[in-house]
Amino acid sequence: FDFSVMSYNILSQELLQDNAYLYRHCDPGVLPWDHRLPNLLAEIRQHDADILCLQEVQEDHYENQIKPALLTLGSYQCEYKKRTGSKPDGCAIVFKSSRLSLLSSNPVEFLRPGDALLDRDNVGLVLLLRAQRRGASSICVANTHLLYNPRRGDVKLAQLAILLAEISRLSRLPGGSTGPVVLCGDFNSTPLSPLYSFLTTGCLNYSGLKMGSVSGQESSPRGQRLLPCPIWSPSLGIDHRCQYRSEEEEDDAAAPAAEEASASSPTGSPCVRLKIGHTLNLQSTYQHLLPPDGRPEITTHHSRTALTVDYIMYTPVYFLKDTASCPDGRGLRLLDRLSLVGQAELEEVRGLPNHHHPSDHLPLLARFRLWR
């Protein structure tokens, strides 16, 4: 079963207006929503993806314009989660109901009232889909937009832990094996960052790691405080493997694992682990460097930055086939992807947005083959 996935931060109009200084390089005529929306819909129509993961989707535009337009394009089914609080935007996952059926839709809120760390309004959305063919396995598709603040790597990692815990829960198959996963979004983190390494290697030793260095957004990080240990509170109910704790584990949450080193937190209190991990075996669909000279690929460009912060991650079939957790070979094979460009090419067209590209991000697009 071959299917395509697009991930796209479409730039909320309210956020554009609130941060107008980021778009001084643009022709003013390309910034109004009435100009950007037709280009956005044309881009979606051109690529014709089976699954769309959209970020910065403004709620009123979604309800009144984007969702109705997508319904007229084809047999799309739309799921949406607005950010908590007063923020105007959220995340959407849209899929072709002629090719995929919805088994479960699970909105994820990162805000935890009373938790000083998880006090931000970012959200995620996790769907469990099944191909419309006999005997097909399910696919877990997740979409998120993590906190922007480059100085708060602790918040980003805690938000990510919540999302990974939900993905782990939904992708777990009877018998304990793991089904295929596609994880999309704007992670506000670069390919050379510890957060990216955590996603793609499944492990992060954060001993001595500064909060401002977690995302790699700044060449001279301003957040100089070290990540605390543990990063998030045990009361969150998520362990260091980014999985939900059982009731038995909750009672024993403070007990150190035999293989983990003991340490002390900056306050001098006992700290049993300086590592976090996950077991999803994720890989990026992009290489993040352009041939032949190895220039960085760029996914977002405005007056202050040109970086890669957007990703489509997936569970490759060879990872799953070679692990004891999934001996029957369920997984995804990357068939092809939409090429990206570098900073020089974007500067030639006056950056983003411009007359042809309606957002300050470029869309990512990948096509996969689902095995089993």
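Me: Which residues of helix α5 are buried?

Reply: Buried means under 20% relative accessible area, with exposed over 50% and partly exposed in between (1.4 Å probe, protein chains only). Helices (H or I, at least four residues) and strands (E, at least two) are DSSP runs, numbered from the N terminus. In α5, residues 194–201, the buried ones are L195, Y196, F198 and L199. Seen down the axis of α5, they fall within an arc of 155°, so they line one face of the helix; the arc is that of the directions from the helix axis to the C-beta atoms.

Me: Why would residues three or four places apart point the same way?

Reply: An α-helix has 3.6 residues a turn, so that spacing brings them round to the same direction. By the way, this is a predicted model: local features need pLDDT of at least 70, side-chain atom pairs count only at pLDDT 80 or more, and totals for chains, interfaces and linings use all residues. Residues are numbered from 1 along each chain as its sequence is written, and side-chain values use heavy atoms, leaving out hydrogens and water.

Me: What do the buried residues of α5 pack against?

Reply: Contact means heavy atoms within 4.5 Å. Their partners include α4 (153–171), β8 (181–186) and β18 (310–314). Just after α5, G202 takes a positive phi of about 80°.

Me: Is S168 buried or exposed?

Reply: S168, in helix α4, is buried, with a relative accessible area of 5%. Leaving aside residues up to four places away in sequence, S168 touches C242, Q243 and L280.

Me: How many residues of strand β1 are buried?

Reply: In β1 (residues 2–9), 7 of its 8 residues are buried.
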